[in-house]
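Colleague: I'd like a close look at the charge pairing in this one. Please walk me through it slowly, and then tell me what surrounds it in the rest of the chain.

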Amino acid sequence: MYEIILRLSVSVIFLCFGLVNGQNFSVLDFDATGDGQTDDSNAFVKTWNAACGGGGDISILLIPAGRTFLIQPIVFNGPCRSSNTKVQLEGIIVAPSNKEAWSNPNSRMWIKFSAVLGLVIVGSGTINGRGSSFWEQHLKASQRPTSLHISKCDNLIISGITSIDSPKNHISIAACTNVVVSNIGLFAPEDSPNTDGIDIRDDCIAINTGNTNINITRINCGPGHGISVGSLGVNGGSAAVSDVQVTQCTFNQTMNGARIKTWPGGQGYARNISFENITLINAKNPIIIDQQYIDKGRVYSAEKSAVAISNIKFIDFRGTTLKKNAIKIDCSATTRCKDVLMNGINITMADGKQPRVDCKNVDGKSEDTILTHDCFENI
């Protein structure tokens, strides 16, 4: 795996979409071929080193349109010298054609950004994880890489890009504060494998522990497993996720829609989370809170604690589902789910029938007269 490491002082300025001035560093100027066959990893390394090491208010790493760039697993490390670093993705980035062609077949991440404050990833381009060879080998989630992993990148913006055929989850965000994700497309075949936690065909986007103030807007997800908070609290671990807003998203033939999932025995909290203005097109499980989440191959342990879930909103869901039990709120008897609000839930089955709601250990309210009203024990 390529490592790009720069240890420089940095000041943080939140980057707005309208900020366009700055120094441009095109990968073509650093010997990238862009034919989709030649390994351009070294060219990306050199371009990043120049962009991240450049001064000024903003440095722009440009991946131009009309070209396809093959890269191996790569890490873009900060801090960077410029106040903000922008990755302008207009072309196509592809992973190696199959698992055996990866420089490190055991890599768990394909493209990673770490400790880059004020990172902006925008454009109309595509990243293609070429995940089919991983799926065909029926590998566990722990044996497959994430396409795009971002950690410790406060004031993060991702907008406009498309991710297809990730071997595992499309995008994983960890330990980031102030995140805006909008207008992106996440696509994989419907028969790509359904495995665990932060896995594609498990999640289009997974929000993991250590994240706060996350805004996800206008995402077209599907097929896939929707947008998830978690899984949290694995192996008794402590989780902290708060202030997450998911709005104006579409779940098209996804296995799940809006989901929060925690392991039995976990600790910490997931709170102040809202899913609003959601369109469903034959989504199988539109709304889920699962505090009994157990990954395949793991042994269930007796619950002695649970991640505390509170102040959760599901508002204005409309569309169709393929599953009779469309809404499942399965909370822990240890902590219960508290202050859950479900309003404007207008979900019908694809055949026009009314779906069912299953709720357990949940406190909250709903103004709806059908479907969700009977979910709560404390009305």
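Modeller: First, a word you'll need: a residue is called buried when its relative accessible area is under 20%, exposed when that area is over 50%, and partly exposed in between. Keep in mind that you're looking at a predicted model. By that yardstick, buried residues make up 55% of the 379 residues in the chain. The chain has two helices and 30 strands.

Now for the pairs. Side chains of opposite charge can pair when their charged atoms come close. How many salt bridges does the structure hold? There are two.

One of them joins Lys46 to Asp31, with 3.0 Å from N to O. Lys46 sits in helix α1 (residues 41-53), while Asp31 is in the loop between β2 (23-26) and β3 (35-39), so this bridge ties together parts that are 15 residues apart in sequence. As for surface, Lys46 is partly exposed, at 38% relative accessible area, and Asp31 is exposed, at 61%.

The other bridge links Arg336 and Asp363, and here the closest N and O atoms are 2.8 Å apart. Arg336 belongs to the loop between β27 (325-330) and β28 (337-349), whereas Asp363 is in strand β30 (residues 362-365), so the pair ties together parts that are 27 residues apart in sequence. Arg336 counts as partly exposed, with 21% relative accessible area. Asp363 has 19%, which is under the 20% cut-off, so Asp363 goes down as buried.

Back to the loop between β2 and β3, since Ala32 is there too. Buried or exposed, for Ala32? At 10% relative accessibility, Ala32 is buried. Setting aside neighbours within four places in sequence, Ala32 is in contact with Val27, Asp40, Ala43 and Phe69. Phe69 is 37 residues away along the chain, yet the C-alpha atoms of Ala32 and Phe69 are separated by 7.7 Å. Links across long stretches of sequence show up in the chain's contacts as well: among those with a separation of 6 or more, 80% are between residues 24 or more positions apart.

There's also an uncharged polar side chain to look at. Gln291 lies in the loop between β25 (285-290) and β26 (308-321), and at 1% relative accessibility Gln291 is buried. Its side chain reaches the backbone oxygen of Val307 at 2.6 Å.

Then there's the nonpolar side of things. The largest nonpolar core has 87 residues, and the ones touching the most other members are Ile111, Phe113, Ile150, Ile216, Phe275, Phe314 and Phe317. Take Phe275: beyond its neighbours within four places in sequence, its contacts include Phe314 and Phe317, and also Arg259 and Lys313.

Ile111 and Phe113 turn up again at the cavity. The count is one cavity of 30 Å³ or more, and the space in the largest cavity is about 130 Å³. Its lining is made of 14 residues, with Ile63, Val87, Ile93, Ile111 and Phe113 nearest the centre. The elements giving two or more residues to that lining are β4 (58-63), β7 (84-89) and β9 (109-114).

Key:
Residues are numbered from 1 along each chain as its sequence is written. This is a predicted model: local features need pLDDT of at least 70, side-chain atom pairs count only at pLDDT 80 or more; totals for chains, interfaces and linings use all residues. Side-chain values use heavy atoms; hydrogens and water are left out. Helices (H or I, at least four residues) and strands (E, at least two) are DSSP runs, numbered from the N terminus. Buried means under 20% relative accessible area, exposed over 50%, partly exposed in between (1.4 Å probe, protein chains only). A polar contact is a pair of N or O atoms within 3.5 Å; within protein, one must be able to donate a hydrogen and the other to accept it, and residues adjacent in sequence count only if both atoms are side-chain atoms. A salt bridge is a side-chain nitrogen of Lys or Arg within 4 Å of a carboxyl oxygen of Asp or Glu. A nonpolar core is a set of buried Ala, Val, Leu, Ile, Met, Phe, Trp, Tyr and Cys residues joined through side-chain atoms within 4.5 Å. Contact means heavy atoms within 4.5 Å. On a 1 Å grid over the protein atoms alone, a cavity is a set of points where a 1.4 Å probe fits but cannot get out, and a pocket is an open set with protein on both sides within 12 Å along at least five of seven lines; lining residues have an atom within 4 Å of a point. Grid points are joined across faces, edges and corners, and a volume is the space filled by probe spheres set on the points.
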